[in-house]
Amino acid sequence: MMEILDPTTEAAATQTIAYVPRPTALQGKRVALIQNTKYNSDRLLERIGNILKAEYGVSEWRMYNKHNASVPAHTEIIEEVKKSADVMVAGIGD
Amino acid sequence: MAATLTSKRFTARDEADAIEMAFDRGWSDGLPVVAPTEARVRAMLEAARLEPSHQVGFVAHRAVSITAEKVAINAVLAGCRPDYMPVVVAAVEGIADPRWSYHGPGTSTGGAGVLMIVNGPIARELDINAGDNLFGPGWRANLTIGRAVRLVMRNVCGSLPGLLDRGTLGHPGKLSYVIAENEADSPWTPVHVERGFRPEQSAVTVIAANGPHQFYNQLSNTAEGVLTTVADDMRISGSVMGQPTYVVVLAGEHMKTIAADGWDKKRIRQFLFEKTQNSYAHLKRTQRMSGAIASGDEQKMRPLVATPDDILVVAAGGRAGAFSCYIPGWGSARSSQAVTKEVKR
């Protein structure tokens, strides 16, 4: 018999992520659309924003552009989203 | 009393059972591993003189702390010798550096490998290959150091192929992609010295990179002739519009031909920078750049990389053969930059 050690990350008990509660409805909510700058991602998100407005009653949407697709959203837009939006749409599509 | 290892422990019947457990638990890259026993893991840590809880790197985007203990376990899995551990640690520091920007190359459909160029005395001490069969196979250090880094990316940072690592094609260098510079025969300034280190220091440079592209020139006996060939190959390569870092690896025969004409690395870079530019018209005709061809587009040139310094020149590869290669970096220089870290011992 032999004992071996786990090579994977085990989340430390002290590490937690504080999630904002999910809204129960989108009616009247402000939406942030996070654009990764790939071709046509702005068009796709604009369409999503318009559907959320027409069919789910969100009050407004605003698009935020990342510096480029390969880097995380920068602090300025994260701070702006925190102030001016209730929900956000972020994703990646190639 | 040595510090406690805090990783979860599993019991295997024997070495063969441990290998199967590693496959079953998703710890392996697809090849058998060495069982990470406490004694083997401690030997790794001692070789690098690191406490298990020491933070080698913190990948901010993933909120992942990479501890020396986890690096050591993965280095054992990969088959490293304990004296390789300082190189693995330096490379992991490199990929966790914000300039390397893990977020992109650790995940992208673009399928980046981590090209590692080892310089300084440690390369010779550990027999990290800088010669024949440069990219493999045949050398334990080259194959296991890179494998250890990729296992850290998989097991610690979560870059699991098909999940977080969405490489469309990937490439064989994603298993291991380690070379040393042939400093013994090179007439040029080594990579690490160009990047701010002293010749007697050891260092590893990590670059998010596509696979190597070999080129052939047995005809020319001038620097300009050989480099004209590689420039013509490079001009349309990689993502062209991305303007990443390029690595040009000059092997024995080409190295001698180019050096005999008195060209240094700076002159090589400048030449390649000038000779790898594409016209806007060509980029538009070949659907690499959007938009219709405008007047002046035939003359308007776009460089392959942003500056000549984005081309790294490395002396390495076998002594015989009129072959060398170039390696397109992944993405762009603004998405991920080459990072050089000292190998601390």
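Start with helix 8 of chain B, in this predicted model. Its buried residues (under 20% relative accessible area, 1.4 Å probe, protein chains only) pack against strand 7 (213-216), strand 8 (246-250), helix 9 (252-260), helix 10 (265-275) and strand 12 (323-328) of chain B. Contact here is heavy atoms within 4.5 Å. Helices are DSSP runs of H or I, at least four residues; strands are E, at least two; both are numbered from the N terminus.

Which residues of helix 8 are buried? Ala223(B), Gly225(B), Val226(B), Leu227(B), Val230(B), Ala231(B) and Met234(B). The length checks out, because 13 residues (223-235) at 1.5 Å each should span 18 Å, and the end C-alpha atoms are 18 Å apart. The expected span is 1.5 Å times one less than the number of residues.

Next, the interface. 19 residues of chain A touch 36 residues of chain B. About 2400 Å² is buried between the two chains, with 58% from carbon and sulfur atoms. That is accessible area (1.4 Å probe) lost on putting the parts together, summed over both. Met2(A), Ile4(A) and Leu5(A) supply 33% of what chain A buries against chain B, more than any other three residues.

Last, the lining of the second largest pocket. By class, 14 residues are nonpolar, one is polar and four are charged. Nonpolar means Ala, Val, Leu, Ile, Met, Phe, Trp, Tyr, Cys and Pro; charged means Asp, Glu, Lys and Arg; the others, Gly among them, are polar. Strand 4 of chain A gives the most, three residues.

Housekeeping. Residues count from 1 along each chain as written, and chains are lettered from A and ligands numbered from 1 in written order. Local features need pLDDT of at least 70, side-chain atom pairs 80 or more, while totals for chains, interfaces and linings use all residues, and side-chain values use heavy atoms, without hydrogens or water.

Conventions
Buried means under 20% relative accessible area, exposed over 50%, partly exposed in between (1.4 Å probe, protein chains only).
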